[in-house]
Amino acid sequence: MRGSNARAVILHRLRDTEGFTSGQALARELGISRPGVWKHIEAMRAEGYEIEAVPRLGYRLVSSPDVLSAEEILPLIRTKAIGRRILHFDNVTSTNDVARDLAVKGEREGTVVIAETQGQGRGRLGRAWISPPGGVYFSVILRPVLPPGRLANVTLMTAVATAAAIREATGVDVSIKWPNDVMADGRKIVGILTEMLGEADAVNFVIVGIGINANTDPRQYPQSVRSTLTSLSAVLGEPVDRLALAAAVLQHFDEDWTRLGRGQFADVLQDWRRLSSTLGAPVRVSTVRGVFEGTALDIGPDGELIVAMSDGRKCTFTSGEVEHLRSA
Ligand code: BTN
């Protein structure tokens with residue numbers, strides 16, 4: 001049995017058993033020797049698991065590390081496509097880059113790349129995404145049958161899934177600012193970066209990168225962005241369970257991705273409307289064509305923002321940066 005699978009089985013057994021699990025029983029179940037079991041236990045200790053070993057009694061799990069590994073997440077999710085394979089790293093440049101390299105080599109849809117930190121996390125519009133420990137940073141490989149023009153649907157869906165999951169897992173009252181920023185207390189908590197490889201009329205693959213400021217300290221960010229960002233732990237005044245959070249996001253993502261696959265984007269948009277703080281708010285929209293102010297009225301069938309200008313005209317925006325002129 002491959003190392004990580006064996007460790008997943010050992011972890012499951014240790015968690016399931018009150019008291020000690022015998023090394024003999026583990027060896028039998030895994031079809032390996034007792035020294036083989038011991039090797040896995042040592043490897044797990046090196047990963048931060050505290051495991052007590054007592055001669056003739058066996059092993060007992062004392063505590064688990066705060067890591068978003070496949071062994072930890074898989075038992076918490078019941079997904080069809082998303083996260084059936086999870087690759088976990090301590091540090092990468094960008095999970096989007098690792099996922100893209102895998103996708104180029106043919107990695108299947110649904111594979112998730114997670115990292116504890118990123119050295120060169122990327123944001124939208126060429127910005128950096130600062131990724132200190134305590135955040136949740138991951139990318140999902142998708143192979144949608146969609147024309148490239150419909151990519152915004154995937155990003156909006158991701159915002160819906162992430163916002164709903166954060167509410168469910170942490171109770172924080174987050175909302176979506178058009179098109180896909182997840183906010184709390186008027187500041188950004190989540191960033192989503194969707195990238196794709198494709199041709200004019202067909203998408204080869206899409207990488208959806210999600211960064212959640214979970215247990216990060218806003219003081220870890222440069223002064224220039226500090227006033228625009230916050231974290232879930234800063235809002236709550238206590239750390240959140242990153243594992244439960246990551247699992248909830250994958251679960252919601254899987255469900256909403258299934259809805260998209262069934263052609264139910266209108267339903268996803270309905271959830272977007274419910275979760276959004278932009279609709280009804282006075283907004284300033286900065287675009288390449290200029291800066292516009294008005295009241296956000298609705299989101300159109302492809303995710304475009306419909307704004308009522310002060311002169312009564314209606315304007316539709318397919319891209320741009322939105323600022324809420326007072327918190328809605
Ligand atoms: C934004 O600018 O709002 C988008 C930020 C996206 C950050 C995530 S973190 C995981 C993935 N890897 C990256 O380098 N970026 C995305």
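In the predicted model, a hairpin of two residues connects strand β10 to strand β11. The two strands, β10 at residues 282-287 and β11 at residues 290-299, are paired in the antiparallel sense through six bridges. Within this pairing, V283 lies opposite G294 of β11. Strand β10 is also joined to strand β14 (residues 321-324), again in an antiparallel arrangement, by four bridges. Here V285 has V322 of β14 as its bridge partner. Strand β10 thus pairs with β11 and with β14.

These strands belong to a chain with ten helices and 14 strands in total. Of the contacts between residues at least 6 apart in sequence, 62% link residues that are at least 24 apart.

Regarding overall dimensions, the C-alpha trace extends over about 80 × 45 × 30 Å along its principal axes. The radius of gyration of the chain is 22 Å, which agrees with the value near 20 Å expected for a compact globule because the chain has 328 residues.

As for the surface, 51% of the 328 residues are classed as buried, where buried denotes under 20% relative accessible area. The exposed area of the chain amounts to about 15,600 Å², of which 50% is supplied by carbon and sulfur atoms. The chain carries 38 positive and 38 negative charges, and the mean positions of these two sets are 2 Å apart.

Key: Residues are numbered from 1 along each chain as its sequence is written. This is a predicted model: local features need pLDDT of at least 70, side-chain atom pairs count only at pLDDT 80 or more; totals for chains, interfaces and linings use all residues. Side-chain values use heavy atoms; hydrogens and water are left out. The radius of gyration is taken over C-alpha atoms; the globule rule is 2.2 Å times the number of residues to the power 0.38. Buried means under 20% relative accessible area, exposed over 50%, partly exposed in between (1.4 Å probe, protein chains only). Contact means heavy atoms within 4.5 Å. Accessible areas come from the Shrake-Rupley method with a 1.4 Å probe; for residues, only the protein chains shown count as cover. Lys and Arg count as positive and Asp and Glu as negative; His and the chain ends are not counted. The place of a charge is taken as NZ of Lys, CZ of Arg, CG of Asp or CD of Glu. Two strands pair if DSSP finds at least two bridges between them.
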